[in-house]
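Open the model in your viewer and keep the selection panel at hand. The tour moves stop by stop, with a selection to make at each.

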Amino acid sequence: MGALTDMTRSIAFLCALALACAFGMLAFRNPRLSLRAYAAQSILLGLAAFSLASGAGEPALWAFAALAVLIKGFVVPAILGQAAEASGSERAPSPFVSYPLSMLAGAGFALLSYAVVGPLAGERPAAARGFALALTLMQMGLWIMVSRRRALMQALGLLVVENGLFVAALATGFGMPMVVELGLAFDLLVAVGVLGILISRIHGVLSSADTARLNRLRG
Amino acid sequence: MNLPAWSILVAPIATAGLFLIAPSPAAVARLSRWGSAAALAVSAWLARAAIERPAVSSHGLLLDPLGAYLAVLVSFLVLAASLASERFLRGETEDGKPSIAAWRAYYGLLHLFAASMLLVPIADNLGILWVAVEATTLSSAFLVGFHRHRHALEAAWKYVVLCSVGLAFALFGTILLHEAGARSGVGATLDWTAFVAAAPRLDPRIVKLGFLFAVLGYGTKAGLAPLHAWLPDAHGQAPSPVSALLSGALLSCAFYAVMRFHAIAVLCVGPHFLGRVFWAFGLASLAIAAPFILIARDYKRMLAYSSVEHMGLLCVGLGIGSPAAIYGVLLHLWAHGLAKGSAFLSAGGILEAFKTRRIARVTGALARAPASGFFLFAATLGLSGFPPFATFPSEMLILSQGFRSGRAAASAAAAALLAVIFAGLLHHVSRMCLGRASGPSLEEAGPGARLWETVLPPALLVAPLVVLGCWIPGGFDRWLSAMAGIVLGHG
């Protein structure tokens, strides 16, 4: 039992660091720093998956955790980094909501999530805590998407939402069938590719990736 | 002969692959025609088997009567859209833009889009269902942004970002359901057949939360208000054959996912809670669609808002929840898909003839572009629920069941909103089609094009719409009843 609590403790610690990364993304002005914060968050969550795998002793889980670290920690940031490179020269457009207010909103999301999921704890409190963290990350990702104007930041917000899902899957101990997990990873990779291409095309047409200028379709 | 469920994917994927070696645009078009006809034949064959025999799940795939119903609709619309695409792409070529590469890319994406939509009905597993629906977004993103100018890119960006984030919430709902299943011993499975069987034993609080997230997520993809922000942009900016698929087939796929979750949740948390959720989404969609249709200036956007309306009506039907109402919902799913598909295909013909999307600049379409004008008018009558189209019996059934279910005020509100929408649609389209034919007749088919390319695709869709409006064969009636049982969780 001791080893098990150690394991959940290390997972909880890694998840807390991942939450800190999300707050960092809310605070950073420079999209490249946010991109690094996302990469760090993905690697931390991948390590949490490793920690879970070492407790469960399932080789498939090890492979999946390695895949998650590789794709989300390295491949995805590299693809989006290139898109950022293309649009990096201009001045960052100021966000719709100020940075301190964004941080405050993030704290609010955390409280809300724990309030929603808390009553569902039942005999599996660790899973409920995981769901609360997942919901927090998803709301913070959504917040990044609506409060920032750069196309790159909107894509990053979407990826934070996806990391929230990763935490949710972590909370259920990756019990979902492996084919589903692989499908999710593949979808994520394709989605990032599509978003990267769209960002560079938008930048090519508008010579800016400020999504506030994508406002012509009305009525 | 007993075909496995995955054989439905073979024709579209093989067709998409063969485009890589097709030497000319004409070869691409011919290949697409035969490929989509083959996909329809396989769907119909599998559907017949699915109705006659109880479905057997294998490798997380399964085709039951409900899935078969969706598969036939999707592959039928793909065939019509594929036929209509030839004229669309040739019109683009005259401007000197698309090359053989553009033809390959367009048709390749179209068939991959078809394959992802056909994976939706054969998924027996909530996870695979999610992967399939997300794949539909990704495969159609560049079709929406096909024109590559700023409006098309704006629409594509909104489409991918909003639908992906919506679907993330749907996946969260799926994971919550999985947790509920794990707690009550369903095991490490996401098969919805297992969930339906275990539903009464699941923890209703978790299922409620999971269901809400799932409806929020798939509802975004189905264009339910207030989550519909991407829909008018994407449907307005996409090439018209793609709009027809987005509206007729893709929204149906998303609504199908909602119905699957309905089947699980209704047995666990009961119809009362679900009724409130669906009525709220349904009335909100009708209420949002009505004013935007009245003030519409762009006819493709008007048709897009009409999709929001019809998805709302389908939700209202689910909210009523009686077997007869679900029967109406299912009939309406086909009726809307066929009517909206032909409306968008003929709107594409109008766009090509008049070179404008503005309602005010199109007059006398019946005289100046007779084929497209006629089918646009007919499809609009169908969309407004006029007899002899199949939308008439389905809307009547849903509304009358609404009044019988005791929600008189809400049903009256729905009927009033439908009447407003009816008036708005007919006002705009009769201006476009019947108005004064000032100006020369527009050579609709264009040089080198054949008349059947304008007439056949919408006619293919309108014909079954009229037949089902006048007569529902006995076999089709039994099919609909069997599906209503599945949606209500006891099929």
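Which cysteine sulfur is closest to the sulfur of B:Cys268, and why is there no bond? Select B:Cys268 and B:Cys315: their sulfurs are 20 Å apart, too far for a bond, and B:Cys315 holds the closest cysteine sulfur.

**Before moving on**

This is a predicted model, in which local features need pLDDT of at least 70 and side-chain atom pairs count only at pLDDT 80 or more, while totals for chains, interfaces and linings use all residues. Residues are numbered from 1 along each chain as its sequence is written, chains are lettered from A and ligands numbered from 1 in the order in which they are written, and side-chain values use heavy atoms, with hydrogens and water left out.

**Stop 1: cysteines**

Stay on B:Cys268. This residue is buried, with a relative accessible area of 16%. (Buried means under 20% relative accessible area, exposed over 50%, partly exposed in between, with a 1.4 Å probe and protein chains only.) Now select B:Cys470, which is exposed at 55%. Over all chains the structure holds 0 disulfides, a disulfide being a pair of cysteine sulfur atoms within 2.5 Å.

**Stop 2: the interface**

Show chain A and chain B together. The contact (heavy atoms within 4.5 Å) takes 48 residues from chain A and 44 residues from chain B. The two chains bury about 4,400 Å² between them, 75% of it on carbon and sulfur atoms. Buried area here is the accessible area (1.4 Å probe) that two parts lose on being put together, summed over both.

Select B:Phe142, B:Arg150 and B:Trp157. These residues supply 19% of the area that chain B buries against chain A, more than any other three residues.

Next, look for polar links. Between chain B and chain A there are 0 salt bridges; a salt bridge is a side-chain nitrogen of Lys or Arg within 4 Å of a carboxyl oxygen of Asp or Glu. One rule does score here: 1 residue pair is in polar contact across the interface, both at pLDDT 80 or more. (A polar contact is a pair of N or O atoms within 3.5 Å; within protein, one must be able to donate a hydrogen and the other to accept it, and residues adjacent in sequence count only if both atoms are side-chain atoms.)

Color H6(B), which gives the largest share of the side of chain B that touches chain A, 22 residues. Helices are DSSP runs (H or I, at least four residues), numbered from the N terminus.

**Stop 3: salt bridges inside chain B**

Across all chains, a search finds 11 salt bridges. Select B:Arg301 and B:Asp233. Their closest N and O atoms are 2.9 Å apart. The pair links helix H12 with helix H9 of chain B, 68 residues apart. B:Arg301 is buried at 10% relative accessibility, and B:Asp233 is buried at 2%. Add B:Glu154 and B:Lys158 to see the network of salt bridges that links them with B:Asp233 and B:Arg301.

Move to B:Glu453 and B:Arg90, a salt bridge with closest N and O atoms 3.1 Å apart. B:Glu453 lies in helix H18 and B:Arg90 in helix H3 of chain B, so the pair ties together parts 363 residues apart in sequence. B:Glu453 is buried at 1%, while B:Arg90 is partly exposed at 21%.

**Stop 4: a serine in chain A**

Finish at A:Ser34, in helix H2 (residues 31-56) of chain A. This serine is buried, at 0% relative accessibility. Show A:Met25, A:Phe28, A:Met153 and A:Leu156: A:Ser34 touches these four, not counting residues up to four places away in sequence.

Methods
Helices (H or I, at least four residues) and strands (E, at least two) are DSSP runs, numbered from the N terminus.
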